[in-house]
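The following exercises are meant to be worked through with the sequence and the 3D model side by side. Please try each task before reading its solution.

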Amino acid sequence: MSPERQTFDLVIAANRLPVDKVITDDGEIEWRRSPGGLVTAMESVMRTQPGAWVGWAGDSGEAPEPFDEDGIHLHPVALSAEEVRDYYEGFSNDTLWPIYHDVIVPATFHREWWAAYRAVNERFARAVAEVAAEGARVWVQDYQLQLVPALVRELRPDVRIGWFNHIPFPPVELFAQLPWRAQLLEGLLGADFLGFQRQADARNFVRACRQLLGAPTKRDLVTVEGQHRRVRAAAIPISVDFHGLEELAKRPDVMARAREIRASLGDPEVLMLGVDRLDYTKGIRHRLKAYEELLSERRLGPPEVTLVQVATPSRERVEAYRTLRNEIEQTVGRINGDLAKIGAPAVHYLHHSYPREEMAALFQAADVMLVTPLRDGMNLVAKEYVTCRHDLGGALVLSEFTGAWHELHQAFACNPHDIEGLKQTILRAINTPAKDKQRIMRALRRRVADHDVQRWAARYLAALDAAPEVPQPTAGGPSRSAEKPNPAAVQDSSHAAAQEPAPQEAGR
Ligand code: ADQ
């Protein structure tokens, strides 16, 4: 490390930097903070200690020089156009994503995609090693960077390494299909602590290490033989910025916009809402099927009832996503063609991104929120909806196959594969007396308020600090004594278990 290089005690590594490039009217480049929950969580952590963020800036080709933005040091990593295709669209989104989401669509395996994934992970690891201060905490995010923990450990044995998986971790029967399964597990085992959305995900990981690597495991610990280390895997479910979002939803202009949305839809008795990235994991087709049947059976109908489906454009260069978009748009066209009336569409389909204010207004306008994924690591939309309902109005229909359901079990639970059951649940969410719905909403809101994204980040970093100590091979770094049982870690793991009302196996 050159002495003049700026280094940081906390380093985040994520596929994307938390900013988007904007070209202003006078041709200047500006970086705008993307509003994601992860950034908000990090703000709360980085307020007390300066931090760096290593990630891709979003354009292929040369990376911009490192720069500071709102108190975070941003360190861009370059990706060539071929790497965007092979590492990001290919291996991350067409190999790993389907395997980690129950193979809802078949996964594609290409050795050149794997080579690109490895090369990009190596580049990220080198960038992390450059900006991490002696003994720093390095927090790696998500499935795109699973090799980074072991690569960073090789370069910088002095730092403490954590990884958090935003998506599910698959059961070993599915994970075993990956030709590079051993390398991925070994990559992750370079970390000190691995965080997952649900306990079932952490258990799937531990089982994969036992069955596919023959690693000794005990409860939430995996022993890395040869390195005399133990790695802990536990659930720390992510959340939303409850107070920030609630404050936004209470703004008079946002509340007025919610009323305006309802009025412009003809003031329906029941406004149903779906908000998703246009992804096959989100169960949009199942939701539309249930809705279409309810309309054709005349159990619901416009103008009294209408559905707004917001579908954010996503991964449009991946074939499965293009096919899905065509299917959804055909279905929406058919439903409206068959079942709408003049001036009263049955489905309002919006293929756009919206600012946070508009999302908060939409959430407040909706009587029934339909969250019906076939598999979802958490699903922040469910938590955002209840956060915005400070009026205690509305009802949340929530799939059992989301991480969110493990915390929000008072919601109207559904199995999206069971179309008949989903129809019944939608009707129940509409017809339950307002007083009972308010009671449910109050309980859901309490859960999210108590477990917001700031608490998630604090809990994660505390678990990382409390992870089993590593014997220190080199002199000079902070003292890291020999492996010993860690009472804080054990306590934290039982806490995570207690949070899950109905532990459920991921495999189906
Ligand atoms: P995603 O699959 O992207 O995230 P989700 O958790 O629902 O899914 O987050 C989507 C975010 O995008 C929400 O904050 C939502 O408000 C926003 N959004 C959706 N449509 C929008 C639109 N049209 N305009 C503006 N904003 C929109 C992955 C995992 C999830 C996990 C998160 C966080 O797949 O399971 O919950 O990471 O860990």
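In what follows, Ala, Val, Leu, Ile, Met, Phe, Trp, Tyr, Cys and Pro count as nonpolar, Asp, Glu, Lys and Arg as charged, and the others, Gly among them, as polar. The model is predicted, so local features need pLDDT of at least 70 and side-chain atom pairs pLDDT 80 or more, while totals for chains, interfaces and linings use all residues. Residues are numbered from 1 along each chain as its sequence is written, and side-chain values use heavy atoms, with hydrogens and water left out.

**Exercise 1.** Describe the shell around the ligand, by class and by closest residues.

*Solution.* Begin with the count: 20 residues surround the ligand (a heavy atom within 4 Å), and the closest are His 166, Thr 312, His 352, Asp 376 and Glu 384. Next, sort the shell by class, which gives nine nonpolar, seven polar and four charged residues. Finally, turn to the domains, whose bounds come from an automatic or database assignment: domain 1 (8-238 + 453-498) and domain 2 (242-450) both contribute residues to the shell, so the ligand lies between them.

**Exercise 2.** Find which backbone atoms the ligand's oxygen atoms approach.

*Solution.* Look for polar contacts, here pairs of N or O atoms within 3.5 Å. One ligand oxygen atom is 2.8 Å from a polar backbone atom of Met 378, and a ligand oxygen atom is also 2.8 Å from a polar backbone atom of Leu 380. To complete the picture, add the nitrogen atom of the ligand that is 2.7 Å from a polar backbone atom of His 352.

Terms used
A polar contact is a pair of N or O atoms within 3.5 Å; within protein, one must be able to donate a hydrogen and the other to accept it, and residues adjacent in sequence count only if both atoms are side-chain atoms.
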